[in-house]
Amino acid sequence: MTSAILFDHPGPPDVLHWRAVDPVRPRPHEVVIAVAAAGVNNADLLQRRGHYPVPAWAPRPLGLECAGTIVDAGADVTAWKVGDEVCALLDGGGYADQVAVPAAQVMPIPAGLSMIEAAAIPEVAATVYSNLAMIAGLTPGQTVLIHGAGGGIGTFAIQWATAIGARVITTAGTEAKARAGLGLGAQTAIDYRAEDFVAATLSATHGRGVDAILDVVGSDYLGRNVECLAPDGHLVTIGGSTDPVLLDLGMLMSKRATISATMLRARPLDQKADIIAGVVRDVLPLFAAGAIRVVVDTVVPMAEAGRAHELVESKRTVGKVILDNGHGQVA
């Protein structure tokens with residue numbers, strides 16, 4: 001019998017419980033992974049509270065990324081075999097002993113990384129690459145504003161953008177997180193509680209603004225983000241508040257700027273497959289080259305997922321919180 005973290009009704013972290021579940025079986029295009037470690041993401045917290053639109057096809061347990069060993073494969077799978085050690089972008093189900101995932105969403109573990117480190121990669125790498133590379137088209141020499149220097153997305157995005165030769169400006173809610181952003185490669189880090197990030201961004205770019213913005217705040221930052229954009233700039237919003245808000249369309253038009261709002265989990269399989277292929281081709285080699293390192297704040301036993309959620313909700317962490325299923329010690 002296998003086990004998973006489940007909850008019967010939305011609520012605080014203590015609604016999460018480790019329970020016995022039926023073994024997982026793959027569909028023809030899927031593999032089953034014995035989960036060694038799983039990443040904790042803000043979407044998991046929202047789902048636990050009942051505030052996240054879960055796709056109808058998603059497994060019941062939480063968890064959008066994991067690392068582990070393939071223990072079964074569907075009839076149509078040719079790229080992977082039983083025994084392969086992998087990490088994967090999931091539709092859900094990572095907080096468990098086993099999870100089934102489309103083979104096209106599976107990636108090799110970069111050389112030298114532990115299971116725990118590998119579990120911190122799929123969601124952030126796919127999110128950052130799909131939004132900044134594929135949508136915003138960030139290129140070397142351009143400038144990007146990345147909100148949330150201390151989060152899992154922020155710590156990865158800063159490193160990836162720096163690695164490709166972009167200039168990074170980042171925001172954070174504490175001086176310590178701002179320092180962490182600088183340590184990861186940002187050239188400018190703004191403590192948004194102490195100074196206006198719009199004025200600071202425009203000052204850092206000599207009034208021009210930035211070519212791209214990766215935003216996790218949502219409605220509250222929409223107008224100010226547009227102010228920060230350079231001509232032909234692109235704002236990508238990937239989370240935060242979705243409350244209705246007024247948009248200065250005249251300013252957007254005068255800058256020839258564009259706005260995208262995206263969610264990764266609900267994308268169809270073919271889109272996720274394209275994203276994962278890009279991550280494998282363009283992002284994973286940066287780990288081997290030492291241009292990106294995994295930032296893990298805390299490792300928590302998987303059965304104590306509620307405590308992991310409390311840590312993320314505290315806003316005190318820098319990088320990822322990882323659930324350890326007993327197989328993936330940090331290298």
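Helices, taken as DSSP runs of H or I with at least four residues, and strands, taken as DSSP runs of E with at least two, are numbered here from the N terminus. On this basis the protein chain of the predicted model contains 10 helices and 15 strands. The radius of gyration of the protein chain is 19 Å, close to the 20 Å that the globule rule gives for 331 residues, and the chain is therefore as compact as a globular protein of that length. Along the principal axes, the C-alpha atoms occupy a box of roughly 60 × 40 × 35 Å.

Of the 331 residues in the protein chain, 54% are buried. The accessible surface of the chain amounts to about 13,700 Å², and carbon and sulfur atoms account for 54% of that surface. When contacts in the protein chain are restricted to residues at least 6 apart in sequence, 67% of them join residues that are at least 24 apart.

Strand 3 was examined together with its pairing partners. This strand spans residues 30-39, and 9 of its 10 residues are buried, so that strand 3 is largely enclosed by the rest of the structure. Strand 3 is joined to strand 4 (residues 65-73) by 7 bridges in an antiparallel arrangement, and within this pairing V31 stands opposite A73 of strand 4. An antiparallel pairing also links strand 3 to strand 6 (residues 98-102), here through 5 bridges, with I33 placed opposite V99 of strand 6. Strand 15 (residues 320-324) likewise runs antiparallel to strand 3 and is joined to it by 3 bridges; in this case A37 stands opposite D324 of strand 15.

Strand 3 is also in contact with helical parts of the chain. The buried residues of helix 1 (residues 42-49) pack against strand 3 and against helix 10 (residues 305-313). These buried residues of helix 1 are A43, D44, L45, Q47 and R48, a set that includes charged and polar side chains as listed by name. Just after helix 1, G50 adopts a positive phi of about 85 degrees.Aromatic ring pairs were considered next. Two rings count as a pair if their centres lie within 6.5 Å, and by this rule the count comes to 2 aromatic pairs. In one of them, F197 and Y221 form a tilted pair, with 4.7 Å from centre to centre and 45 degrees between the planes. Because F197 lies in helix 6 (residues 197-204) and Y221 in the loop between strand 11 (residues 210-215) and helix 7 (residues 222-228), the pair ties together parts that are 24 residues apart in sequence. Both F197 and Y221 are buried.

The cysteines were examined for disulfides, and a search of the whole structure finds 0 of them. For C87, the closest cysteine sulfur is that of C66, at 8.2 Å, which is too far for a bond, given that a disulfide requires the two sulfur atoms to lie within 2.5 Å. C87 is buried, with a relative accessible area of 0%, and C228 is buried with a relative accessible area of 0% as well.

Methods: Residues numbered from 1 in each chain as written. Predicted model: local features only at pLDDT ≥ 70, side-chain atom pairs only at ≥ 80, totals over all residues. Heavy atoms only, no water. Phe/Tyr/Trp six-rings, centres within 6.5 Å; stacked < 30°, edge-to-face > 60°. Buried < 20%, exposed > 50% of the residue type's maximum accessible area, 1.4 Å probe, protein only. Pairing = 2+ DSSP bridges. Rg over C-alpha atoms; globule rule 2.2 N^0.38 Å. Contact = heavy atoms within 4.5 Å. Areas by Shrake-Rupley, 256 points an atom, 1.4 Å probe, with all protein chains shown as cover.
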